[in-house]
Each structure stands twice: as structure tokens, then as C-alpha cells.
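Reader: Before I use the terms in this description, I would like to hear the reasoning behind them. Please take them one at a time.

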Amino acid sequence: MPSNAKDYMGGPSVPGAGVEDASEGGVEEVGIDGETREWTLDAEAHAQRLDRVLASLVPEFSRSHLQGLLAAGEVSLDGALATTSSRKVRAGQKLRIRLVPPAEARAFTPQDIPLEVVFEDAHLLVIHKPAGLVVHPAPGNWSGTLLNGLLARDPNAARLPRAGIVHRLDKDTSGLMVVGRSLEAVTALVRDMAARDISRRYLAIAHGETGSQPFTIEAPVGRDPVSRVRMAVVPGGKPARTDVFPVASREGLSALRCELHTGRTHQIRVHLASRGHPLVADAVYGGRPALGMDRQALHAAELALAHPISREMLRFEAAPPADFSAAWAHVVAF
């Protein structure tokens with residue numbers, strides 16, 4: 001098998017479509033929107049598998065990704081669609097591929113995503129995140145996230161760790177989030193978060209009646225040893241504390257105010273489920289749809305913090321969206 005891309009082609013038929021010789025120390029970069037390349041295959045390529053030829057011609061992409069492009073109909077030979085990785089090619093054939101970058105390549109690209117801004121200055125941004133918006137790119141959600149929206153809204157965000165994001169809300173949780181707009185602000189916010197000097201209060205609707213007295217759940221949270229997509233109360237998990245203030249109970253449901261003292265992944269959801277009170281519609285932790293809610297009944301309603309630069313105390317409140325408001329009103333109605 002020849003060691004570089006030029007061994008397989010008699011020269012690219014589209015100017016600039018060829019790949020640099022591997023011995024020259026680099027390969028072309030593919031733009032985020034992709035590009036098309038074409039080659040005329042020479043004798044060295046004859047009788048080789050199509051996916052092996054592509055892997056040599058386009059070394060900047062993994063063989064598995066190129067096989068995916070084959071299956072997706074992005075490759076042709078002599079103008080005819082080629083979808084079989086093991087197909088043998090012939091010398092003289094015209095090979096054409098539309099190179100589409102992997103989904104994760106879009107993770108840190110600006111995207112015009114509407115954001116509801118509650119407060120903004122040169123150092124700080126407070127937004128009201130809608131349910132359904134993912135905060136940070138991850139497998140299954142490489143684009144269309146809050147981070148993508150922040151990059152589009154403020155070019156300076158590209159120079160900040162995670163575009164200034166210092167904490168997260170789950171995809172289906174609505175409510176207030178704080179974002180740093182300068183490196184000084186991000187540093188201060190991370191410090192304040194670690195010192196638990198930022199107050200975050202939530203509204204939740206849970207299954208079961210919790211009683212009328214406030215209570216605290218202090219239990220370590222870590223990865224569920226049985227299901228890696230879940231968190232759980234586990235020995236050796238990270239310390240976690242949630243204060244719970246019952247507001248009302250009705251028809252086997254409880255309206256709750258919750259205050260975080262730590263910020264573990266899924267903390268409120270895990271803590272309440274561990275007490276037999278999973279959130280309404282939180283299928284991951286045993287919740288069932290009710291009162292028109294088809295996503296976890298959790299809303300980040302209040303945020304209080306010292307401004308990261310001036311240290312002035314700031315307090316924000318955000319009313320929950322319509323689905324949550326209607327469900328909440330049903331439980332607390334007398």
C-alpha cells in the first residue's frame with residue numbers, strides 16, 4: 001500500500017482538490033461547510049478497496065468517518081454513486097467525494113440562536129435558558145447549543161474558556177444562568193461558584209407528598225454504577241446538599257422550592273428521586289408525565305451573586321414557562 005495520497009492519482013481534476021504529500025508534513029483543512037474533491041486514479045490504486053483508497057487520499061479524516069460518507073452517498077466513481085466500502089476500484093476511474101466534517105467539528109462554531117437576556121454589561125451576562133436548549137456541545141448535540149449561540153452573539157467569547165459558561169442547566173431544565181464575558185469575570189465566577197457564594201434557587205414539582213416541613217438532603221452524588229447515563233446517590237460520590245422547602249401538595253404531587261449548596265450533575269433530580277420523589281416527567285429517574293408536563297418539572301427561578309468585578313450584589317428572578325406555570329398553579333391552588 002503506497003504511503004501517500006499522490007501514489008493513487010494521476011493528478012487532481014479540480015484545482016486545489018488534491019491532498020498534500022504526507023512527507024511534506026501536513027494535509028489540507030476542510031472547511032466547516034465541507035468541500036468536494038476529485039481525482040483520477042492511477043495504476044497504484046487498481047484493485048484496491050475503495051475505503052482504503054479514500055483513507056490514503058483524505059488522511060485528515062478517520063477511515064470510519066469516510067465509510068460513513070460512503071454509506072451516506074457522498075462518493076461517486078465515474079459519476080455513479082459508490083456506497084460499498086469493499087468495492088475494488090480501477091485505474092483511470094474518476095473518484096469524487098463530498099467531504100462533510102464530523103458533527104463534532106461544529107461544536108465550537110458560531111450559530112445564530114435566540115437568547116433571552118436578563119442582564120448584560122461588559123463582564124457579565126445573565127440569560128433565561130428555555131427548556132430544550134443544550135448548554136454545551138456533547139455527543140448527540142454537537143451543534144445548536146447555548147455555547148454556539150454565545151459565540152455568534154459575542155466574538156470575544158471564543159477567547160474565553162467554554163465561551164464564558166461557568167455552570168450548566170440540564171437540557172430540559174429552564175431558567176437563569178450566569179455567563180462571564182471577560183477572563184477576569186470568568187475567573188471570579190468560577191471562584192465564587194467553588195466557594196458556594198452564588199445562590200441558585202429552583203422550583204420543582206415532584207411525585208408524592210413530601211409533608212409541609214423543610215428538609216435537607218445531604219448525600220454524595222456520583223455516576224450510577226449500573227447505568228452510565230444516570231447519576232445516583234453512591235458511596236464515594238461528591239458531597240452534595242440540597243435544601244427543600246415544600247410549598248403545597250395535591251393529588252399525589254408536591255410543589256417544592258429547592259436551594260443548591262453544591263452543583264453536582266442532576267443534583268436536585270437525583271436527591272429527590274433518592275427520597276422516593278422523582279420529578280414529574282423525569283423518565284431518567286422514575287418520573288411520569290403529569291399535568292401537561294412532558295419534560296422534567298424543574299425551573300431555575302432565582303439567582304443571586306456578587307458582580308465579578310464591582311462586587312455589587314445582584315439578584316434576578318425568572319418566571320417559569322407556560323407548561324411549568326400551569327402545572328405549578330394546579331398543585332398550589334386551594
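Author: This is a predicted model. I start with S76, which is in contact with L81, A82, K94, L95 and R96, leaving aside its neighbours within four places in sequence. S76 is found in strand β3, residues 75-77.

Reader: Why does S76 count as buried or exposed?

Author: S76 has 12% relative accessibility. Buried means under 20%, so S76 counts as buried.

Reader: What makes α1 and α2 parallel, perpendicular or oblique to each other?

Author: Helix α1 (residues 50-57) and helix α2 (residues 63-71) pack at an angle of about 120°, and their axes are 10 Å apart. Roughly perpendicular covers 65 to 115 degrees, and roughly antiparallel begins over 145. The angle belongs to neither class, and α1 and α2 are therefore oblique to each other. Their crossing is right-handed.

Reader: Which residues make the contact, and on which helix is each?

Author: From α1 come L50, D51, R52, L54 and A55, and from α2 come R63, L66, Q67 and L70. By class, the residues of this contact are five nonpolar, one polar and three charged.

Reader: What is noted about the phi of A47?

Author: The phi of A47 is near 70°, a positive value in a residue other than glycine. Most residues other than glycine have a negative phi. A47 is found in the loop between β2 (35-41) and α1.

Reader: Which other residue has a phi near 70°?

Author: A281 does, again with a positive value in a residue other than glycine. A281 is found in the loop between α5 and β15.

Reader: Why is A47 called buried, partly exposed or exposed, and what about A281?

Author: A47 has 44% relative accessibility. Buried ends at 20% and exposed begins over 50%, so A47 counts as partly exposed. A281 has 12% relative accessibility and therefore counts as buried.

Reader: Which residues touch the most other members of the largest nonpolar core?

Author: Of the 30 residues in that core, L146, L150, Y202, C258 and L272 do. At least two residues each are supplied by several elements, including α3 (146-153), β9 (199-207), β14 (253-260) and α5 (267-274). The largest share, four residues, comes from α3.

Reader: What is Y202 in contact with, leaving aside its neighbours within four places in sequence?

Author: Its contacts include L169, T173, L256, C258, I268 and H299. Apart from the largest core lies another core, of 19 residues, among them L41, L57, V58 and V75.

Note on methods:
Residues are numbered from 1 along each chain as its sequence is written. This is a predicted model: local features need pLDDT of at least 70, side-chain atom pairs count only at pLDDT 80 or more; totals for chains, interfaces and linings use all residues. Side-chain values use heavy atoms; hydrogens and water are left out. A nonpolar core is a set of buried Ala, Val, Leu, Ile, Met, Phe, Trp, Tyr and Cys residues joined through side-chain atoms within 4.5 Å. Buried means under 20% relative accessible area, exposed over 50%, partly exposed in between (1.4 Å probe, protein chains only). Contact means heavy atoms within 4.5 Å. Axes are lines fitted to C-alpha atoms, for helices over the stretch in contact, and angles run from 0 to 180 degrees between N-to-C directions. Angles under 35 degrees count as roughly parallel, over 145 as roughly antiparallel, 65 to 115 as roughly perpendicular and the rest as oblique. A crossing is left-handed if the near helix is turned anticlockwise from the far one by less than a right angle, and right-handed if clockwise. Ala, Val, Leu, Ile, Met, Phe, Trp, Tyr, Cys and Pro count as nonpolar, Asp, Glu, Lys and Arg as charged, and the others, Gly among them, as polar.
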